[in-house]
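Trainee: I should like to study the following structure with you, beginning with its internal space.

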Amino acid sequence: MTLLTSIPNYEPFARIENELKSTNQEIVEGIIPLLEHLILQHLPKEARILDLGCGSGKLVQQLHLRGYQTTGLDASPELLRYARINAPESEFILSDIREFDLPPTFDVVLSHIVLLFILNAEELTSVFRNVHKALRNNGVFVFTIPITDWFHEIAPPTFNHVNVNDECALIEIFHYKPEQRIWEIQVTGFELIENNWKRSDTTWLRKDFFLADVRSALDKVGFTDISHYNFKDLGADDSDGMACFVCRK
Ligand SMILES: C[S@@+](CC[C@H](N)C(=O)[O-])C[C@H]1O[C@@H](n2cnc3c(N)ncnc32)[C@H](O)[C@@H]1O
């Protein structure tokens, strides 16, 4: 049996993520129009959609509001607790995306800002195999993943993401390890609890993949009609090397 690499610890940051990340405005004005363009316009209204690495479930909620049958899957119990509050009529599954096993009932599987946490090609292939199995014939997989071909040469040694509101703050400092094409992300969160600031710290790892490796892993498990887009070409100001892939079972 192969031992899996560790998953990022989101538990101490669940409230902070829920308050600061993937806001409804970002989803409604950014993600939904993009999905509409790529896939939703071709789907029947009752289509079944699985969001892999759904976090606090805000995309699941917005898709449910548009009439789709939605399921979210994530490895973080605390984020799923928020997801069940945000999207009470949707189904949620606690699982690792490298190990889930669902019957072929989904028309679409989505995964946004999740596969960057898969640290090698073998585990990426396992995720793709699980997705392929969960899709109906002709079903579509849409996902984002960072591409080293586009970012390695221009990657700064460090960059930051900072999100703040009155009660929460999240600081992510990315440090590049060029030999492994991995980013070590130092994460610090603050949340106000009964007038006291609670601080949490952890480290997450982000892996950047070669385009050819992503395509060959998709190909290997049986996906067809594989296309990819640079997020910059899809209108993002700053893509950090992120690609959006679309492929079909
Ligand atoms: C950056 S958040 C993105 C959440 C959501 N997709 C969004 O766009 O807001 C990454 C999510 O991936 C989940 N995740 C990371 N690795 C995972 C794994 N191996 N299995 C299941 N979930 C995973 C985390 O728990 C977290 O909810």
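Trainee: How much space lies in the largest cavity?
Mentor: The model is predicted, so local features need pLDDT of at least 70 and side-chain atom pairs pLDDT 80 or more, while totals for chains, interfaces and linings use all residues. Residues are numbered from 1 along each chain as its sequence is written, and side-chain values use heavy atoms, without hydrogens and water. The structure holds 1 cavity of 30 Å³ or more (points on a 1 Å grid over the protein atoms alone where a 1.4 Å probe fits but cannot get out). The space in the largest cavity, taken as that filled by probe spheres set on the points, is about 110 Å³.

Trainee: Which element gives the most residues to the lining of the largest cavity?
Mentor: The lining, meaning residues with an atom within 4 Å of a point, has 13 residues, and Ile31, Leu35, His112, Val142 and Thr144 lie nearest the centre of the cavity. Two or more residues come from each of α2 (24-38), β4 (106-111) and β5 (135-146); these are DSSP runs, with at least four residues (H or I) for a helix and at least two (E) for a strand. With 4 residues, the element that gives the most is α2.

Trainee: How many charged residues are in the lining of the largest cavity?
Mentor: Asp, Glu, Lys and Arg count as charged, and Gly counts as polar. The lining divides into 10 nonpolar and 3 polar residues. The number of charged residues is none.

Trainee: How many charged residues does the shell around the ligand have?
Mentor: The ligand is surrounded by 19 residues (a heavy atom within 4 Å), and the closest are Ser22, Gly53, Asp74, Ile97 and His112. By class, 10 residues of this shell are nonpolar and 6 are polar. The charged residues number 3.

Trainee: What share of the ligand does the protein bury?
Mentor: Consider first the polar contacts, which are N or O pairs within 3.5 Å: a side-chain atom of Ser22 lies 2.4 Å from a ligand oxygen. Polar backbone atoms of His112 and Ala75 lie 2.8 Å and 3.3 Å from a nitrogen atom of the ligand. Of the 590 Å² that the ligand exposes when taken alone (Shrake-Rupley, 1.4 Å probe), the protein buries 91%.

Trainee: What is the radius of gyration of the chain?
Mentor: The chain has 7 helices and 11 strands, and its C-alpha atoms fill a box of roughly 50 × 45 × 40 Å along the principal axes. For a compact globule of 249 residues, the rule (2.2 Å times the number of residues to the power 0.38, over C-alpha atoms) gives a value near 18 Å. The chain agrees with this, with a radius of gyration of 18 Å.

Trainee: Where is Arg181 placed?
Mentor: Most residues other than glycine have a negative phi. Arg181 has a positive phi, near 55 degrees. The place of Arg181 is in the loop between β7 (168-177) and β8 (182-193).

Definitions and conventions. A polar contact is a pair of N or O atoms within 3.5 Å; within protein, one must be able to donate a hydrogen and the other to accept it, and residues adjacent in sequence count only if both atoms are side-chain atoms. On a 1 Å grid over the protein atoms alone, a cavity is a set of points where a 1.4 Å probe fits but cannot get out, and a pocket is an open set with protein on both sides within 12 Å along at least five of seven lines; lining residues have an atom within 4 Å of a point.
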